[in-house]
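Colleague: Got a minute to go through this one with me? Put it up and I'll ask as we go.

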Amino acid sequence: MPNVADPQVFQSLAVVMEKELAISDKNKNGAIDFEEALKFAAKKGGNKVQLKKDRKWFNSIDKNHDGVIKPNEFDKTLKN
Ligand SMILES: [Ca+2]
Ligand SMILES: [Ca+2]
């Protein structure tokens, strides 16, 4: 089982998340908030309790730290 809380593991998951953006974005506001990302990561085998405690996996994608992941932030992730 991959450790989703590891930012490097989550970076690869982010590629999948981008493809499944429409599904992950539950409230259809065009951005993935922490709760939505948490559900996605848990679905991919992450430990929800651990993921909730340590948000560095989320922050690794939320480049401007406004609390949501927007589609353009996926692009920056992929270029790194
Ligand atoms: Ca959303
Ligand atoms: Ca952001």
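**Fold and core**

Modeller: Read along the sequence, the pattern is α-α-β-α-α-α-β-α. Keep in mind that this is a predicted model.

Colleague: How many helices and strands is that?

Modeller: Six helices and two strands.

Colleague: And the overall dimensions, what box do the C-alpha atoms fill?

Modeller: Roughly 30 × 25 × 20 Å, taken along the principal axes. The radius of gyration is 11 Å, which agrees with the value near 12 Å that a compact globule of 80 residues would have.

Colleague: What percentage of the residues count as buried?

Modeller: 21% of the 80 residues in the chain.

Colleague: OK, the core. How many residues has the largest nonpolar one?

Modeller: It has 14 residues. Those with the most contacts inside this core are V4, F10, L13, A14, A37, A41 and W57.

Colleague: Which helices each supply at least two residues of it?

Modeller: α1 (7-19), α3 (34-43) and α5 (56-59). The largest share is from α1, with four residues.

Colleague: Take F10. What is it in contact with, leaving aside neighbours within four places in sequence?

Modeller: V4, W57 and S60. V4 and W57 are also on the list of core residues with the most contacts.

Colleague: Switching to contacts over the whole chain. Counting those with a separation of 6 or more, what share comes from residues 24 or more positions apart?

Modeller: 56% of them.

Colleague: Fine, that covers my list.

Conventions:
Residues are numbered from 1 along each chain as its sequence is written. Chains are lettered from A and ligands numbered from 1 in the order in which they are written. This is a predicted model: local features need pLDDT of at least 70, side-chain atom pairs count only at pLDDT 80 or more; totals for chains, interfaces and linings use all residues. A nonpolar core is a set of buried Ala, Val, Leu, Ile, Met, Phe, Trp, Tyr and Cys residues joined through C-beta atoms within 7 Å. A residue is buried if 20 or more other C-beta atoms lie within 10 Å of its own, exposed if 12 or fewer, and partly exposed in between; C-beta atoms are placed from the backbone. Two residues are in contact if their C-beta atoms, placed from the backbone, lie within 7 Å. The radius of gyration is taken over C-alpha atoms; the globule rule is 2.2 Å times the number of residues to the power 0.38.
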